[in-house]
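Me: I am new to this structure and would like a close look at one part of it. Could you pick a single residue and walk me through its surroundings?

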Amino acid sequence: MVSTGADHRWFAVGTSGAADPRAAGATAARAAVGDRDDARLLMVFCSALHDPVAVLAGIRPVAGATPLIGCSTTAVIAAGQSDVDSGVSVVALGGPGFDVTTGVSLDVSGRQREAGAEVTDRVTRAGTGRRHQVLVLLTDGLVVGQEEMLAGAYSVVGASMPMVGGASTPHPTAARHTFQFHGDQVVADAVVGAVIASDGPFGVGLRHGWRKVGEPMIVTKSDRNEVLTLDDRPAVEAYLSRLGAPPEAFADPPAFERFAECRPIGVRSRGGEVVRNVGNSSGLARGVLCSSGEVPEGGVIWPMEGDVDTVLQAADDACRDAVAGLAGAAPLGLIAFDCETRARLLGPDGQRREVRRMAAHARPAPLAGLYTWGEVARTKGINAFHNQTLVVLAVG
């Protein structure tokens, strides 16, 4: 499906569930690019079940030298596509109304902040006179210190442009690895970026669907991503007691993970509230809540919970906010960066319902996206890293 803007911009999506990775890449690329010769950027979202080298080998003969970024995902998000677990989705942006610069920083582990600044400097160095710009970052979800990468990016661009994206994911059982794409490369332990400059506007929606439970709690002791005590009580005990957890969740790691994976915590920050996951049981024996994001000592948090209805409503709200950010312009397309934990709560039927809702906000324009291990969105403040959240980019 393709949509076009009056000032010669177009946005198209192609998706394939073919079992052969090369065929899947080629089919998705052909559907996105068609016979057009002015594509400015391809974004490739690819099931971690596929061989990424073969997928790229299928895309390149179709797309030529068009700049390309992308990453692995547990499943692709595509309107009307049923076989998403082994899918490949290609988003193509084209026409003279877009300018795009891409970049990559390798060997990120141990220098996360430097790498985030490095890739952002590369993609912003050329500059553009266009009024509307957005920075897209795709990180490796297996790398610790995601916030450090985004802090590095912020040190370069500050509040000058919105930032969106997500962390690549492995398949939950069959493929415990991640990968990213940049140009003709398949990389890992990397951060890939692009600045998209346009004659048309961009809108960003950010919602999660979790609700606070009870009164706020004080983080009385923490160490970066580990919460040791809440209100001077062991963090696990305080968290589980507030949520009325079953007895087995206090001592059995699998039971704790099942209970906590869909009950995150909300953290008050200078830029507003952010959501942090606490479903990792590695600190259970020590009474410690472990998150993939930082939880500052002295801060205020709330245990949170949700259900299928609240998570689906958040999808509506995020899409509505993103489209509203276009200031009346019709969307050329929507790109969704959705947390795979939200997908597990929804289940297959709920995921299909969520995609239908998002597609309805895009219609008649196309929708594409992926499930992530952390979502990137900075529209105000400093913080850009989120867990168990949905980020939607509307391209106008």
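Reply: Happy to help; here is a walk around Arg276. The model is predicted, so to speak of local features a pLDDT of at least 70 is needed, side-chain atom pairs count only at pLDDT 80 or more, and totals for chains, interfaces and linings use all residues. Residues are numbered from 1 along each chain as its sequence is written, and side-chain values use heavy atoms, with hydrogens and water left out.

Let us start with the place of Arg276, which is in strand 19 (residues 272-276); strands here are DSSP runs of E with at least two residues, numbered from the N terminus. Arg276 has a relative accessible area of 0%, and it is therefore buried, a word that stands for under 20% relative accessible area, with a 1.4 Å probe and protein chains only.

Now to the partners of the side chain. With the side chain of Glu147, the side chain of Arg276 makes a polar contact at 2.6 Å. A polar contact is a pair of N or O atoms within 3.5 Å; within protein, one must be able to donate a hydrogen and the other to accept it, and residues adjacent in sequence count only if both atoms are side-chain atoms. The side chain of Arg276 also reaches the backbone oxygen of Glu294, at 3.2 Å.

Around these partners, leaving out residues up to four places away in sequence, Arg276 touches further residues, including Pro264, Ile265, Val267, Ser291, Gly293 and Val295. Asn383, Phe385, His386 and Asn387 are also among the residues that Arg276 touches, where contact means heavy atoms within 4.5 Å.

How values were computed: Helices (H or I, at least four residues) and strands (E, at least two) are DSSP runs, numbered from the N terminus. Buried means under 20% relative accessible area, exposed over 50%, partly exposed in between (1.4 Å probe, protein chains only).
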